[in-house]
Amino acid sequence: MGSLVGHVAPGLGFFFIGIWHLLNHIKLHALHPKSYTSLSWFPTPKIRYLELFLIIFGTIISISMELFIGPEKHQPLDIDGTIPSNHLRSFEHSNISLTFFVYALFSIIFDNVTLSPQIQYGLTQFLASIAFGQEFLLFHLHSTDHMGVEGQYHWLLQIIIFVTLVTTLLGIPFPNSFLNSFVRSYSIIFQGIWFMVTGIMIWTPEFIPKGCVLKSDDGHEVVTCHNIEALERAKSLINIEFSWYLVGVTIFVISIYLVLIKNIYPEKIDYQFLASKFEDEKGLEDVEAQEKSQIDKKFVEMEKLFSL
C-alpha cells in the first residue's frame with residue numbers, strides 16, 4: 001500500500017462500493033420511505049454476490065502484493081523467520097485486507113445458512129464493524145512516521161474511517177435509519193477518494209510541497225522536509241486540501257440524492273402505510289406483536305427488490 005498504486009487501487013474499491021451503497025439506499029428509501037430497512041450488502045440481478053466477490057478478489061490481490069509479489073524475495077520474512085522492520089507496514093496493510101476478506105466470506109456463508117434476517121443482518125454488520133475497527137486501529141498505530149507528510153494524510157484518514165466505523169455500529173440497533181446509511185455510504189466514498197488523493201499527492205514528485213522531497217527510506221519512498229517550517233507548511237496545505245475535498249464530496253453525494261429523488265424516483269410508494277391501514281380495519285389486538293413479525297419479512301422484501 002505504500003505506493004501510488006497501493007493507495008489508488010483500494011481507493012477505487014472503496015469509492016465504487018460507497019457509490020453502489022449510496023444509490024441502493026436512496027432507491028430503497030424512495031420506494032419505501034416508511035418501511036425502509038437497510039441492507040449490509042446489495043445483491044445484483046445476475047450475480048447475487050458480485051459485491052462480495054469483488055471484495056474477496058481485491059483483498060486477495062492486496063495481501064498477495066503486500067506479502068509475496070511486492071517484496072524482492074517474494075516473501076516477507078527474514079532469514080531467521082522474523083519480520084524485518086521494513087516489512088512491518090506490509091503486515092499491517094495485509095491484516096486490514098484480511099478482515100475485509102473475512103467480512104465478505106462470512107456474509108456469503110450467512111446468506112446460505114438458516115438464519116433469521118435480523119440475525120443475519122446484525123452479524124454481517126458486526127463483521128463490517130470489526131473490519132473498519134481493524135482498519136482504524138492499524139492506521140492509528142501505523143509503523144509509518146506519524147509526524148511527517150504521509151502521517152498527516154493518515155491522521156485525517158482516521159477521521160473518515162472512524163465515521164464509517166460508528167455508522168456501521170449504529171446500523172445494528174437502527175437498521176431503519178436512512179440517514180445513518182446515507183452517512184455511512186458518504187464516508188466510504190470519502191475514504192476511497194482520500195486514499196486516491198494520498199497516493200497521488202505523495203508519490204507524484206510534481207505535487208510534493210515546496211521545501212520537501214521524495215526519497216527512499218529503508219526500501220520505501222517517503223516525503224521528507226528540509227526544516228520544521230517546510231513541514232508545518234506542508235501539513236497546513238494537506239489540511240486545506242482535506243477541507244476542499246470534504247466540501248466537494250458533500251456537494252457530490254447530496255447532488256446525487258436530489259437528482260435521483262427528483263428525476264428517477266419522484267413518486268414515493270409507502271407499503272407500510274397500507275399494511276397499517278389493513279391492520280386497523282381488521283382490529284388486531286396486539287399491534288406490537290404483529291409489527292415484530294413483519295420485521296423479518298421487510299428484510300426479505302428488501303433483498304428481493306435487488307434480486308429481480
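Visitor: Which residues make the nonpolar surface patch of about 510 Å²?
Guide: This is a predicted model. In the model, a nonpolar patch of about 510 Å² lies on the surface. Its members are Leu105, Phe106, Ile109, Val113, Leu115, Ile119 and Leu123.

Visitor: Which element gives the most residues to this nonpolar patch?
Guide: Two helices, α3 (88-110) and α4, each supply at least two residues of the patch. The element that gives the most, with 3 residues, is α3.

Visitor: Is Ile119 buried, partly exposed or exposed?
Guide: Ile119 belongs to the patch and is placed in helix α4. The term buried requires a relative accessible area under 20%, and exposed requires one over 50%. The relative accessibility of Ile119 is 45%, so this residue counts as partly exposed.

Visitor: Is Phe132 buried or exposed?
Guide: Phe132 is also found in helix α4, which spans residues 117-140. A residue is buried when its relative accessible area is under 20%. Phe132 has a relative accessible area of 4%, and therefore it is buried.

Visitor: Which residues does Phe132 touch, not counting those up to four places away in sequence?
Guide: One of the partners is Phe100, which stands 32 residues from Phe132 along the chain, with 8.2 Å between the two C-alpha atoms. The full set touched by Phe132 is Phe14, Phe100, Ile161, Thr164, Leu165, Thr168, Arg184, Ile188 and Gln191.

Visitor: With which residues is His154 in contact, leaving aside neighbours within four places in sequence?
Guide: His154 has its place in helix α5, residues 149-170. At 3% relative accessibility, His154 counts as buried. Its contacts, with neighbours within four places left aside, are His7, Phe139 and His142.

Visitor: What is the phi of His74?
Guide: His74 lies in the loop between α2 (50-69) and α3. The residue is not a glycine, although its phi is positive. The value of this angle is about 60°.

Visitor: How many salt bridges does a search of the whole structure find, and which residues form a salt bridge with closest N and O atoms 2.8 Å apart?
Guide: The search of the whole structure finds 1 salt bridge. A separation of 2.8 Å between the closest N and O atoms meets the cut-off of 4 Å. The residues concerned are Asp111 and Arg48.

Visitor: How many residues apart are Asp111 and Arg48?
Guide: The salt bridge joins Asp111 and Arg48. This pair links distant parts of the chain, with Asp111 in the loop between α3 and α4, and Arg48 in the loop between α1 (4-31) and α2. Asp111 is buried at a relative accessible area of 17%, whereas Arg48 is partly exposed at 26%. Along the chain, the two residues are 63 residues apart.

Visitor: Which handedness does the disulfide of Cys212 and Cys225 have?
Guide: The count comes to 1 disulfide. The sulfur atoms of Cys212 and Cys225 are 2.0 Å apart, which is within the limit of 2.5 Å. The torsion about the S-S bond is about 90°, so the disulfide is right-handed.

Visitor: How many residues apart in sequence are the parts that Cys212 and Cys225 tie together?
Guide: The two cysteines form a disulfide. Cys212 lies in strand β1 (residues 212-217) and Cys225 in strand β2 (residues 220-225), so the parts tied together are separated in sequence by 13 residues.

Visitor: In what order do the elements of the protein run from the N terminus on?
Guide: The protein has 9 helices and 2 strands. From the N terminus on, the order is α-α-α-α-α-α-β-β-α-α-α.

Visitor: Which helix has the lowest mean pLDDT among the elements of the protein?
Guide: The mean pLDDT of the protein is 87, and 84% of its residues reach 70 or more. Over residues 269-289, however, the pLDDT is below 50. Where pLDDT is low, the predicted coordinates should not be read in detail. The highest mean pLDDT, 97, belongs to helix α6 (residues 178-203), and the lowest, 43, to helix α8 (residues 271-282).

Terms used:
Residues are numbered from 1 along each chain as its sequence is written. This is a predicted model: local features need pLDDT of at least 70, side-chain atom pairs count only at pLDDT 80 or more; totals for chains, interfaces and linings use all residues. Side-chain values use heavy atoms; hydrogens and water are left out. Helices (H or I, at least four residues) and strands (E, at least two) are DSSP runs, numbered from the N terminus. Buried means under 20% relative accessible area, exposed over 50%, partly exposed in between (1.4 Å probe, protein chains only). Contact means heavy atoms within 4.5 Å. Patches are made of residues with over 30% relative accessible area and no salt bridge: like charges are joined within 9 Å, nonpolar side chains (Val, Leu, Ile, Met, Phe, Trp, Tyr) within 5 Å. Accessible areas come from the Shrake-Rupley method with a 1.4 Å probe; for residues, only the protein chains shown count as cover. A salt bridge is a side-chain nitrogen of Lys or Arg within 4 Å of a carboxyl oxygen of Asp or Glu. pLDDT is the predictor's confidence in each residue, from 0 to 100.
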